[in-house]
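Please open the model in a viewer and keep the sequence panel visible. The tour proceeds by selection, one stop at a time.

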Amino acid sequence: MENLRDLLLIRHSIRRYTDKPIDAEHVKTILEAGLLAPSSKNARSWQFVAVENPDVLARLAECKPNYAASVKNARLAVVICTDPTLSEAYIEDATVAGTLMHLQAADLGIGSCWVQVRGRFAADGEPSENIVRETLGIPDDMVVECIMTFGYPDETRRPVNPEKLLWEKVHIGAWNQAQVD
């Protein structure tokens with residue numbers, strides 16, 4: 001990609017993937033993007049679990065109804081966990097790491113999707129975190145924030161039209177209530 005703006009215009013959440021495997025160097029580059037993420041007080045409260053095994057991906061997809069289906073069809077999933085004892089901004093730290101992975105994947109021509117886990121529930125009411133934690137052996141003191149799915153897109157999305165950006169949501173200098181009403 002030539003510049004970040006162009007990348008932001010073409011990047012979308014992708015939930016359908018082809019069967020083409022992701023090259024090991026690309027997997028490393030995506031994970032490296034997460035490791036390069038800034039974090040509050042440089043605490044680096046996040047940890048990542050990379051999963052490529054189709055059986056494990058299928059089990060992870062059961063962590064919540066409907067919106068985790070993309071996990072089963074992904075070529076790679078990265079579970080982002082975070083240690084709340086290392087930073088009061090542990091959720092934000094995990095979010096920034098995931099965002100950088102999204103952007104890096106898009107730059108490589110790989111689709112991705114954020115699947116929220118923290119605060120979500122499986123069809124039977126069990127917390128999604130418990131299913132992911134049990135499936136991957138994640139310690140109880142770690143918060144499971146999300147599952148990032150990756151694969152080559154099996155769907156086509158149009159770039160964002162910059163003319164449709166919601167500039168009315170930008171306030172300059174102070175909050176402008178007239179913009180909201």
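Is alanine 106 buried or exposed? Please select this residue in the model, which is a predicted one. Alanine 106 is buried, with a relative accessible area of 16%. The residue belongs to helix 5, which covers residues 90–107. Now add leucine 7 to the selection: 99 residues separate leucine 7 from alanine 106 in sequence, yet their C-alpha atoms are 7.1 Å apart in space.

**The cysteines**

Next, select cysteine 81 and cysteine 146. How many disulfides does the structure hold? The number is 0. Cysteine 81 takes part in no disulfide, and its nearest cysteine sulfur, belonging to cysteine 146, is 8.8 Å away. Likewise, cysteine 146 is in no disulfide, the nearest cysteine sulfur being that of cysteine 81 at 8.8 Å. A disulfide requires the two sulfur atoms to lie within 2.5 Å, so this pair does not qualify. Cysteine 81 is buried, with a relative accessible area of 2%, and cysteine 146 is buried as well, with a value of 0%.

**Aromatic rings**

Proceed to tryptophan 46 and phenylalanine 48, and display their side chains. These residues form an aromatic pair, and the structure holds 1 such pair. The arrangement is stacked, with 5.3 Å from centre to centre and 15 degrees between the planes. Tryptophan 46 counts as buried, at 6% relative accessibility.

Another ring to display is that of tyrosine 152. The charged end of lysine 20 sits over this ring, 4.3 Å from the ring centre.

**The largest pocket**

Which residues lie nearest the centre of the largest pocket? Select Ile10, Arg11, His12, Ile14 and Pro153; these lie nearest the centre, within a lining of 14 residues. The lining comprises 6 nonpolar, 5 polar and 3 charged residues. The space in this pocket amounts to about 210 Å³.

**Two loop residues with positive phi**

Select lysine 41, in the loop that joins helix 2 (24–35) and strand 1 (46–51). Lysine 41 is not a glycine, although its phi is positive, at about 55 degrees. The residue is exposed, with a relative accessible area of 70%.

The last selection is asparagine 66, located in the loop between helix 3 (54–60) and helix 4 (69–73). Is asparagine 66 buried or exposed? Asparagine 66 counts as exposed, at 65% relative accessibility. Its phi is near 65 degrees, a positive value in a residue other than glycine.

Note on methods: Residues are numbered from 1 along each chain as its sequence is written. This is a predicted model: local features need pLDDT of at least 70, side-chain atom pairs count only at pLDDT 80 or more; totals for chains, interfaces and linings use all residues. Side-chain values use heavy atoms; hydrogens and water are left out. Buried means under 20% relative accessible area, exposed over 50%, partly exposed in between (1.4 Å probe, protein chains only). On a 1 Å grid over the protein atoms alone, a cavity is a set of points where a 1.4 Å probe fits but cannot get out, and a pocket is an open set with protein on both sides within 12 Å along at least five of seven lines; lining residues have an atom within 4 Å of a point. Grid points are joined across faces, edges and corners, and a volume is the space filled by probe spheres set on the points. Ala, Val, Leu, Ile, Met, Phe, Trp, Tyr, Cys and Pro count as nonpolar, Asp, Glu, Lys and Arg as charged, and the others, Gly among them, as polar. Rings of Phe, Tyr and Trp (its six-membered ring) pair if their centres lie within 6.5 Å; planes under 30 degrees apart count as stacked, over 60 as edge-to-face and the rest as tilted. A charge sits over a ring if NZ of Lys or CZ of Arg is within 6 Å of the ring centre and within 35 degrees of the ring normal. Helices (H or I, at least four residues) and strands (E, at least two) are DSSP runs, numbered from the N terminus.
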